[in-house]
Every structure is written in structure tokens, then in C-alpha cells.
Amino acid sequence: MLVQRSVTANFLFKTRITNIFENYGVRLCTQNAGDMSSNATQQTSQADSNNTNSQKRSQMHLYNALVDDTQERRAINPKNTTITLFPGQGAQYVGMAEKLMRFPSARSIFKLANEVLGYDLLKICLEGPRDKLNRTEYAQLAVMVSSLAALEQLREERPQAIDNCVATTGFSLGEITALVFAGALPFDKALHLVQVRANAMQAACDAMPSGMALILYGPDTHVGTVCAKAQQWSLERGVETPYCGIANYMYPHCKVIAGDLEALQYIEVNAKELKIKRMKRLQVNGAFHTPLMKSAVEPFARALKNMYIKEPIIRVYSNVDGKPYRNATHILRQLPNQIVSPVKWEQTMHLMYERRQGVDFPRTFECGPGKGLKQILDKVNAKAATTAVNVEA
């Protein structure tokens, strides 16, 4: 398996129960003795009684061992556990992954990716040109593979960070990277899935010029009203399918909005009047996570349905609602909706790092190009961010 990792505590616990009972030949279900004849039962009753007592003692011994094991795992200090985060499209830059090439396993990941995709993805990462790398069809694959290559650096330098990981998620595209890391999606199939996603989203981008922008605003700014005004402006200017709305919930008083270019231009020109403190266009050529991407949902859902999805071995949090996936069926049903739904990153960070007062936070590792997720975590939960580390591609 390309991206190998140790199984989490819950999975280990279940596996150990199975192994112990199989090794000792102990069955916890009641045996059916209905086929035994009465004579045979009378002749062997004393022997069965002795065997039963012996079996009960074995079961009790195993039960006590499992209780001790559970208590030991529960006693693990939370600060010795980890959370892994993966970036999304927009984090890419020409030259990324160059420092990772000193790790053989990272080189192997790119080699396999090149074979599966049929072109040299590493060359695009290292040499660009920038305009090509920024195109959705290349950017998404480049960020995912670079992020998994960065994960290999983490494995080489801090293997315990992989072994002790209890939860993961990723921003937009990074959620698929997280599902690969959690064992739910095989790497080679995930490459094809991202390729379908990227091509379908690129087609949606080509069908209608659109974009995204990060905005900072004060407590008296109503972002919904801002977007509504911008959308009305586009409608009045003759845009066929005008749209402007929230695409990413980043951190308090910071969101990413997306829509047609006329709408974004209206907000830029009227930023002061609309009480927008700052606005910055993102390195993407489409209005991702909005209804303008609707045409990309069906091809992606079809490709996902043709894959074998496994149960994640650690918690993977969904961008759609900020909550962990319950099972493989939940992934199949909800992941396609991510394409047209806002990324609820701020809500996800609150849920992932929620804990009782006095309980230590896990250590966080951001694996992939850029340092944006670590910076956002600092805005959402400064205490959790104090031990966050970036493993940059």
C-alpha cells in the first residue's frame, strides 16, 4: 500500500480482541448442543462441566486483559496524539516538492502518479509554467500528490506522528488526500477520481468566467447582503447566470466568496462602502463550492461510485458539515456534495479540537504546499496552534 500507516487505537483494539479469541479458540456465543443424544450428554456431563469451568476462567482472563488494554489506551496523554491536515487548490507554487526529492518514498509517489496519469506531474510542479500549474486540471493533482509526498517526509522524520494520528481532514481537494491517508481510498484510484473532479470543474470554469476572493470584514458587515448586492449588479449587467456567495468559512471575520467576475469586480470597486476591510483574489479560475460547479457533481459521483471505498481507520472530517464521516456509505453519499457546498473549515476546526477544559490538545501537522492551514488554526484556536507544525511540500 503506497501510503502506509499504523492502525488507530480503536481499530487496534478491535483487531486485538479478534486475534486473542481466535488464538485461544474461545467463542463467546452459546454453543448449540441440541444434536447431542441424552446418553452422550449424561456420560460427558462431568467432562463438559470441567471444560466449561476452564473456558470460563480463560474468558475471564482474556476479559481482564482486554479491560487493562482499554484502560491503558484511554490513559494515553492527548498531547501525544496527532491530527493531520492537508491543503487544497490554491496552495500550489512553481518549485513545490523539490525539497522532498531527497526522500525515496516521496520520489516513488510521484513516479507512480506519473505512470497512472500518463504525463510528468513532477515536472509541472518543479518547472511550471505558473499558468499551467494553476489550471484546475493540473493544480488539484499537483497539490494532492505533493501533500502525500510531504507525508512521507513526516513518516521518515517523525514516525510516531503517523502512528498516533487520531483524526484528519483537508481543505476542499485536501479532503480526498485525507481519505487516502485514512485508508478509505486507494492512491491510484484516488488519482483518477481527482482527475475526473479537476476536469469536470475545469469544464465548469470554462463554461462561465468566475473566480474567488478572500475577504476580511468587521462585525458590522453582513456578508450575505454584500453578495446579494453583487449578484444583483451582475444580473443588471446582463450576466446569464449571475451568482455570488460564501464558498469558504475560514475564521472569524474572514471568508472566501465566489461568483461570476462581474460580481467580484463590483465588490472590489465598492469595498469601502460595503465595509470590506480587505479583498484578495485567489489563484483559481472558477467559483468552487458554489452552484456554478453543478455540472461537475454528476461525473465525480459516478467515478466515486465505481470505486471500492473502505471504512476509514481514523476519523475523517467532512467539509460539508464539519463532522466526521460515519462510514464508507456516508462518504459515497456526501463527498460529491462538497463540490457545490461551502467549505465549513472554521466549523470543522472547532469540532476537531473541542475538548474539556484542562485536557491537552493533540499536535497538528499540516502536510503539503503552503502554510495557510496552520495560520488559520491560529485564528480559530490559538492554543491548539502552538504545537502545530508545517511539513511543507
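**Exercise 1. Describe the overall make-up of the chain: its contacts, its burial and its secondary structure.**

Residues 24 or more positions apart account for 77% of those contacts in the chain that have a separation of 6 or more, a contact being a pair with heavy atoms within 4.5 Å. The model is a predicted one, in which local features need pLDDT of at least 70 and side-chain atom pairs count only at pLDDT 80 or more, while totals for chains, interfaces and linings use all residues. Residues are numbered from 1 along each chain as its sequence is written, and side-chain values use heavy atoms, with hydrogens and water left out.

Turning to burial, 49% of the 393 residues of the chain count as buried, where buried means under 20% relative accessible area, exposed over 50% and partly exposed in between, for a 1.4 Å probe and protein chains only. The chain holds 16 helices and 10 strands; these are DSSP runs numbered from the N terminus, with helices being H or I of at least four residues and strands E of at least two.

**Exercise 2. Place Ile-83 in its strand and work out which residues surround it.**

Begin with the element: Ile-83 belongs to strand β1, which spans residues 82-86. Next comes accessibility, and Ile-83 counts as buried because its relative accessibility is 2%. Leaving aside residues up to four places away in sequence, Ile-83 touches Cys-165, Val-166, Ala-167, Met-352, Tyr-353, Pro-362, Arg-363, Thr-364 and Phe-365. One of these partners, Cys-165, is 82 residues from Ile-83 in sequence, yet the two are 5.5 Å apart in space from C-alpha to C-alpha.

**Exercise 3. Determine how many disulfides the structure holds, and examine Cys-367.**

In general, a disulfide is a covalent bond between the sulfur atoms of two cysteines. With the criterion of a pair of cysteine sulfur atoms within 2.5 Å, the structure holds zero disulfides. Cys-367 is accordingly in no disulfide, and the nearest cysteine sulfur, that of Cys-165, is 9.0 Å away. Cys-367 counts as buried, since its relative accessibility is 0%; Cys-254 is also buried, with a relative accessible area of 0%.

**Exercise 4. Characterise the second largest pocket by its volume, its lining and the elements that contribute to the lining.**

On a 1 Å grid over the protein atoms alone, a pocket is an open set of points where a 1.4 Å probe fits, with protein on both sides within 12 Å along at least five of seven lines, and lining residues have an atom within 4 Å of a point. The second largest pocket has a volume of about 850 Å³, the volume being the space filled by probe spheres set on grid points that are joined across faces, edges and corners.

Its lining consists of 36 residues, of which Gly-90, Leu-214, Met-250, Leu-282 and Gly-372 lie nearest the centre of the pocket. The elements that give two or more residues to this lining are α9 (187-207), β3 (210-217), β4 (244-251), β6 (276-281) and α15 (372-380), and α15 supplies the largest share, five residues.

By residue class, the lining divides into 17 nonpolar, 12 polar and seven charged residues, with Ala, Val, Leu, Ile, Met, Phe, Trp, Tyr, Cys and Pro taken as nonpolar, Asp, Glu, Lys and Arg as charged, and the others, Gly among them, as polar. At least three lining residues come from each of domain 1 (79-205 + 290-392) and domain 2 (209-282), the bounds being those of an automatic or database domain assignment.

**Exercise 5. Locate the backbone features at Pro-129, His-253 and His-289, and state the accessibility of the two histidines.**

The peptide bond from Gly-128 to Pro-129 is cis, with omega near 5°, and Pro-129 lies in the loop between α4 (121-127) and α5 (130-133). His-253, although not a glycine, has a positive phi of about 65°; its place is in the loop between β4 and β5 (254-260), and it is partly exposed, with a relative accessible area of 38%. His-289 has a positive phi near 60° and is likewise a residue other than glycine. The loop between β6 and α12 (297-305) holds His-289, which counts as buried at 2% relative accessibility.
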